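Subject: Structure handover

Hello,

The structure you asked for is below. My notes on what was found in it follow.

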Amino acid sequence: MSLELLRISASGSPAPGVRSVPAVTKLVDTTTCIGCKACEVACQEWNDLPPEPTTQTGTYQTLPDLTANFWNLITFNEHDDSGTLRWLMRKDQCMHCSEPGCLIACPAPGAIVQYANGIVDFQQDHCIGCGYCVTGCPFDVPKFNPRTRRVYKCTLCVDRVSVGLQPACVKACPTSCLQFGTKEAMLEIANRRVEQLKASGFARAAVYDPPGVGGTGVVTVLAFADQPELYGLPRDPTVPMAVSFWKGPLKWIGNLAMLGGLAVAAIHYVRFGRKEDPDQIPNPKDQIPNSTTRL
Amino acid sequence: MNQPLVRLTRREFLRTGTIGAATVSALGFDLTAAYAQVRELKIARTTETRSTCPYCSVSCGVIIHTLGDRSRNVRPAVVHVEGDPDHPINQGTLCPKGITLKQNIVNDRRLTKVKYRAPGSRVWEEKPWDWAIDRIARLVKDTRDRRLRIEDARGRALHALTAVGVIGGCTDTNEVNYLLVKAFRAGLGVVPIEQQARI
């Protein structure tokens, strides 16, 4: 079973595909999420992930952050909306960016791949555990497991999607705040929902599909989209400057400098030969006449 | 000018060539085929069995996936449970409790034997099923013999037994509830019959 590939970390482009594969997208409508966490459990169950120990910290939120064994976390954010308490749920998980910072940062060939349908997936067989993807991700999603020394995150249930099923979390969601389909279909539903929200008094509602990472495979409807920070989302996520510079121009400048140096050294050697050190003690071998014929 | 630019010995030629080749390969000529393997779908060939979630009264439909294809030599084991998309109540969805059903079935701490705590006792003892069923039958029979009201104070027929109650579960279907009423209300005269099924 294999899906057509779009991008492979630290490798050349894969063979261009001819099949037109629609981009798949998960829609998260944060305004209809009731925080039931069925998606969290569905994720753990489908992916056979071991339970993560929890502690009571004064919130209903399962864990403070995603972990290597917990790929889907509903964050419970409290917001004081001029006297009205708003309980803002958000689905913290891999956003499956079109320009994935993790993949761009990854130095291990084939450890991170992007399928033609837009899913960004980690291949733990090829992962070297360097953690560059953790630095490269603008959403702080990939998590390092110190025991296996590999990095893990949401796969958008690529095993299910590749046979035409929906992700486990989407299937479980009892309020239909999670939906799954092509990007166009999801954006259509999301925009209709935003219109509905605006009509009912949420003037700042919008769809969160940040262009800084080329759009995401997980689009989110936010009631307070002018302040994504309220939900713990970055305002304008981009691939970190250090990563894009390191993997972009600096890589080519470095390669060029190295190749140039080698080329100059080679030309110098060819043109002028080996450097003679006048103070060197004469090698007895050099005393033997006709040394070139000794081989 | 027939003199070459430099005179290379064979040793020097091999050395330069090896270093050059190593440099080129280190700079990124990688011939290994890059490929990605999608995980196998763990329910690709499992046996699907329809059932009802036993927790609350909503009675969501579930599909229980078991290992193997029901061949004679295969012992099935539950590998996955998810919502039944054809079920009119939940249409494939499940709540966080319902979606843990696999752990309800595949669980070391699941009770699979009869446990009995005698009146006044502080310990649970293990008992055989036959013993438990006999005891329940005995107690029901004794209670009914003692407490069944054949008629009321004015002599009207009652056949009411209020000293025994029957509690059903949420997985009880229409047919099961029919049998409950038939066996206990029409048969034994039990008045308090309750269940939380909505199916």
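Arg192(A) counts as exposed, because its relative accessibility is 52% and the cut-off is over 50%. Please keep in mind that this is a predicted model. The side chain of Arg192(A) meets that of Glu188(A) in a salt bridge, at 3.4 Å from N to O. Both residues sit in helix H6 (residues 183-199) of chain A, and because they are four residues apart, about one helical turn separates them. In an α-helix there are 3.6 residues a turn, so residues three or four places apart point the same way.

Other salt bridges

Over all chains, the structure holds 23 salt bridges. Side chains of opposite charge can pair when their charged atoms come close. One of the bridges joins Asp81(A) and Arg86(A), with an N to O distance of 3.1 Å. Asp81(A) has a relative accessibility of 15% and therefore counts as buried, while Arg86(A), at 26%, is partly exposed.

Another pair is Lys171(A) and Glu82(B), whose side chains meet at 2.7 Å, N to O. This pair crosses between chains: Lys171(A) belongs to helix H5 (residues 168-172) of chain A, and Glu82(B) to strand E3 (residues 78-83) of chain B. Lys171(A) counts as buried at 14% relative accessibility, and Glu82(B) counts as buried at 7%.

There is also a network of salt bridges that links Glu45(A), Asp48(A), Lys42(B) and Lys102(B).

A buried acid without a salt bridge

Asp159(A) is placed in helix H4 (residues 158-161) of chain A. What is the nearest side chain of opposite charge to Asp159(A)? That is Arg39(B), 4.5 Å away; Asp159(A) is buried yet has no salt bridge. The salt-bridge cut-off is within 4 Å, so a distance of 4.5 Å does not qualify. The side chain of Asp159(A) does make a polar contact of 3.1 Å with the side chain of Trp46(A). Leaving out residues up to four places away in sequence, Asp159(A) touches Trp46(A) together with Val38(B), Arg39(B), Glu40(B) and Leu41(B).

Helix H1 of chain A

Trp46(A) is among the buried residues of H1(A), as are Ala38(A), Cys39(A), Glu40(A), Ala42(A), Cys43(A), Gln44(A) and Glu45(A). Since eight of the nine residues of this helix (residues 38-46) are buried, the rest of the structure largely encloses it. After H1(A) comes Asp48(A), which has a positive phi, near 50°.

Nonpolar cores

The largest nonpolar core has 46 residues. The residues with the most contacts inside it are Met95(A), Tyr115(A), Ile119(A), Phe139(A), Leu178(A), Tyr231(A) and Leu233(A). Strand E3 (residues 73-81) of chain A gives the most to this core, namely three residues. Neighbours within four places in sequence aside, Met95(A) is in contact with Phe139(A) and Leu233(A), and also with Tyr208(A), Thr216(A), Gly217(A), Val218(A) and Thr220(A). A second core, separate from that one, has 17 residues; among them are Trp46(A), Ile43(B), Leu94(B) and Leu101(B).

Chain B

Chain B contains four helices and nine strands. Along the sequence they follow the pattern α-β-β-β-α-β-β-α-β-β-β-α-β. The chain has 199 residues, of which 27% count as buried. Among contacts in chain B with a separation of 6 or more, 41% are between residues 24 or more positions apart.

Helix H4 (residues 174-188) of chain B was checked for length. Its 15 residues should span 21 Å at 1.5 Å a residue, and the C-alpha atoms at its ends are 20 Å apart, which agrees. Just after H4(B), Gly189(B) has a positive phi of about 85°.

One further distance in chain A

Leu250(A) lies in helix H8 (residues 249-272) of chain A. Its relative accessible area is 30%, so Leu250(A) is partly exposed. How far apart in space are Leu250(A) and Pro53(A)? Their C-alpha atoms are 43 Å apart, and the two residues are 197 residues apart in sequence.

Regards

How values were computed
Residues numbered from 1 in each chain as written. Chains lettered and ligands numbered in written order. Predicted model: local features only at pLDDT ≥ 70, side-chain atom pairs only at ≥ 80, totals over all residues. Heavy atoms only, no water. Helix = DSSP H or I, 4+ residues; strand = E, 2+ residues; numbered from the N terminus. Expected span 1.5 Å × (residues − 1). Core = buried A, V, L, I, M, F, W, Y, C linked by side-chain atoms within 4.5 Å. Buried < 20%, exposed > 50% of the residue type's maximum accessible area, 1.4 Å probe, protein only. Contact = heavy atoms within 4.5 Å. Lys, Arg positive; Asp, Glu negative; His and termini not counted. Polar contact = N/O pair within 3.5 Å; in protein donor to acceptor, adjacent residues only side chain to side chain.
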